[in-house]
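Me: Could you walk me through one part of this model up close? I'm a first-year student, so please explain each term as you go.

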Amino acid sequence: MLISFMGKWKLTKSENFEEYMKAIGVGFASRQMANLAKPSLVFSEGDGGLISMKSTTTFKTVEIKFRLGEEFGEITADDRQAKSTMSLLNGKLIQSQTWEGKTTTIEREIQDGKLIAVSVLQVL
């Protein structure tokens, strides 16, 4: 249930992140900074069921607002303009981003009380 994600989280583990950043063209210096940054994520629900996910690091703050299953426009932390959809599947929050013929899937799940993210890039 999405309610299990609500609140403030410190990302403790991010799988495939280095490979993912290389694949989408993030430069070496930016990748090094991003690997060191462990963002705080805050999930909250506003009026009309609109869900907010705010990611904060010492370098940048990014917030998206969405409804499960509805596409929305997103400017990513690395300034890509993407079309995104969020869904909930088997307890995982699945974010699908599409831009320039590429699709990224970011799976977020809670394991042993910790938030884990797995990033995968697909080329269409």
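The part I'd like to hear about is strand 8 (92–99), strand 9 (102–111) and the loop between them, with the rest as background.

Reply: Sure, but a quick word on the ground rules. This is a predicted model, so local features need pLDDT of at least 70 and side-chain atom pairs count only at pLDDT 80 or more, while totals for chains, interfaces and linings use all residues. Residues are numbered from 1 along each chain as its sequence is written, and side-chain values use heavy atoms, with hydrogens and water left out.

Let's set the scene. The protein chain has two helices and 10 strands. Helices (H or I, at least four residues) and strands (E, at least two) are DSSP runs, numbered from the N terminus. Reading from that end, the order is β-β-α-α-β-β-β-β-β-β-β-β, so your two strands sit in the run of β elements that follows the helices. A compact globule of 124 residues would have a radius of gyration near 14 Å, and the protein chain agrees with that, at 14 Å. That radius is taken over C-alpha atoms, and the globule rule is 2.2 Å times the number of residues to the power 0.38. Along its principal axes, the C-alpha trace spans about 40 × 30 × 25 Å.

Now zoom in on strand 8, which is where I94 has its place. I94 is buried, because its relative accessible area is 14%. Here buried means under 20% relative accessible area, exposed means over 50%, and partly exposed is in between (1.4 Å probe, protein chains only). For the wider picture, 35% of the 124 residues of the protein chain count as buried.

What does I94 touch, not counting residues up to four places away in sequence? The list is T85, M86, S87, L89, T105, I106 and E107. A contact needs heavy atoms within 4.5 Å. You can place some of those partners yourself: strand 7 covers 81–89, and strand 9 covers 102–111. I94 can also be compared with the start of the chain: I94 and L2 are 92 residues apart in sequence, and 11 Å separates them in space, C-alpha to C-alpha.

Let's cross over to strand 9, where E107 lies. E107 has 28% relative accessibility, so it counts as partly exposed. If you leave aside neighbours within four places in sequence, E107 is in contact with K92, L93, I94, I116, A117 and V118. Notice that I94 shows up in E107's list, just as E107 shows up in I94's. The C-alpha atoms of E107 and T12 are separated by 14 Å, with their positions 95 residues apart along the chain.

Further along strand 9 you find Q111. Q111 is also partly exposed, because its relative accessibility is 36%. Q111 and M6 are 105 residues apart in sequence and 15 Å apart in space, again C-alpha to C-alpha. What about M6 itself? M6 is in the segment before strand 1 (7–10). M6 touches F43, S44, E45 and I51, leaving aside its neighbours within four places in sequence. In the protein chain as a whole, 34% of contacts between residues at least 6 apart in sequence join residues at least 24 apart.

That leaves the loop between strand 8 and strand 9, which holds E100. Is E100 buried or exposed? E100 is exposed, given a relative accessible area of 73%. Its backbone deserves a look too: phi of E100 is near 45°, a positive value in a residue other than glycine. Most residues other than glycine have a negative phi. D79 offers a second case, since its phi is near 70°, also positive and also not in a glycine. D79 lies in the loop between strand 6 (72–75) and strand 7, and at 55% relative accessibility it counts as exposed.

So here's the picture to keep in mind: I94 in strand 8 is buried, E107 in strand 9 is partly exposed, and E100 in the loop between these strands is exposed.
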